Amino acid sequence: MHARRVPRCPWATTEPAVAYHDEEWGVPVHDDRMLFEFLILEGAQAGLSWITILKKRENYRKAFDGFRAEKIARYGPRDVKRLLSDAGIVRNRLKIAATIQNAKAFLAVRKEMESFDTYLWSFIGGKPIQNRWQNMADVPARTAESDAMSRDLVRRGFKFVGSTICYALMQATGMVNDHLVTCPRHVELGGAPGRK
């Protein structure tokens, strides 16, 4: 299945990155639970490689009740202790506390707005930004949109939501199409065909 995708973006060379690149990265996500999952995973990645988090993703889903914010928001000291002893996730007290706090903030946003989806996508006008990057070096780490998203998330009490994390979230959930123009996924996800 993956053979026809060459030349894919150069960061996707081994599994599970190849499957993630070919099937998920850059595909627009409008499901609140999935958006919350990506928000938490991108925050967990801070200071680590994305492949580390990808390899632990199933463990995260088990450890954090399938990323159901309603459950996570009610976590107490016993849950924190359980998570700190779970070798399947990144055992960082600040990141675990941030996940619980983010679940509460997520529920508050959902109560205030139509959905978390509507809220997040409002930062880019509701439809994916189609970029046309030739090289990985061209792809930014943050943009004005991710700066605005980060500022507003922080204002609402979210943690581990700096602009770089927000931009990675935007890339992962298809708010921006950052597949290189040479990658078949660029056009598959709505980008204009690139020059060969």
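Two residues are in contact when they have heavy atoms within 4.5 Å of each other. With that in hand, the overall fold of this predicted model is a good place to start. Take the contacts in the chain between residues at least 6 apart in sequence: 65% of them join residues at least 24 apart. The chain holds 10 helices and 2 strands. Read from the N terminus, the elements go α-α-α-α-α-α-α-β-α-α-β-α. The radius of gyration is 17 Å, close to the 16 Å that the globule rule gives for 196 residues, so the chain is as compact as a globular protein of that length. Along its principal axes, the C-alpha trace spans about 55 × 35 × 25 Å.

What about the outside and the inside? Buried residues account for 47% of the 196 residues. The accessible surface adds up to about 9500 Å², and 56% of that belongs to carbon and sulfur atoms. As for charge, the chain has 31 positive and 22 negative charges, and their mean positions lie 5 Å apart.

Helix α9, residues 163-172, is a nice example of a mostly covered element, with 9 of its 10 residues buried. Among them are Ser163, Cys166, Tyr167 and Met170. And what do the buried residues of α9 pack against? Their partners are α1 (17-23), α2 (32-45), α7 (116-121), α8 (144-155) and β2 (176-177). Just after α9 comes Gly174, with a positive phi of about 75°.

Two of the α9 residues turn up again around Thr143. This threonine sits in the loop between β1 (129-130) and α8. Is Thr143 buried or exposed? Its relative accessibility is 18%, and buried means under 20%, so Thr143 counts as buried. Leaving aside residues up to four places away in sequence, Thr143 touches Ser163 and Tyr167. Its side chain also makes a polar contact with the side chain of Glu145, at 3.2 Å.

Further along, His179 lies in the loop between β2 and α10 (184-188). Here the relative accessibility is 0%, so His179 counts as buried. Not counting residues up to four places away in sequence, His179 touches Cys9, His21, Trp25, Gly26, Arg185, His186 and Leu189. Two of these neighbours come with polar detail: the side chain of His179 makes a polar contact with the side chain of His21 at 3.1 Å, and it reaches the backbone oxygen of Trp25 at 2.9 Å. Going by C-alpha atoms, His179 and Arg142 are 15 Å apart in space, with their positions 37 residues apart in sequence.

A few spots in the backbone also deserve a look. Glu15 and Pro16 are joined by a cis peptide bond, with omega at about 5°. Pro16 belongs to the segment before α1. Then there are two phenylalanines to consider. Phe67 has a positive phi, near 60°, in a residue other than glycine. This residue is found in the loop between α3 (50-63) and α4 (69-72). At 1% relative accessibility, Phe67 counts as buried. Phe160 is not a glycine either, yet its phi is positive at about 55°. Phe160 lies in the loop between α8 and α9. With a relative accessibility of 29%, Phe160 counts as partly exposed, whereas Phe67 counts as buried.

Technical notes:
Residues numbered from 1 in each chain as written. Predicted model: local features only at pLDDT ≥ 70, side-chain atom pairs only at ≥ 80, totals over all residues. Heavy atoms only, no water. Helix = DSSP H or I, 4+ residues; strand = E, 2+ residues; numbered from the N terminus. Rg over C-alpha atoms; globule rule 2.2 N^0.38 Å. Buried < 20%, exposed > 50% of the residue type's maximum accessible area, 1.4 Å probe, protein only. Areas by Shrake-Rupley, 256 points an atom, 1.4 Å probe, with all protein chains shown as cover. Lys, Arg positive; Asp, Glu negative; His and termini not counted. Charge placed at Lys NZ, Arg CZ, Asp CG, Glu CD. Polar contact = N/O pair within 3.5 Å; in protein donor to acceptor, adjacent residues only side chain to side chain.
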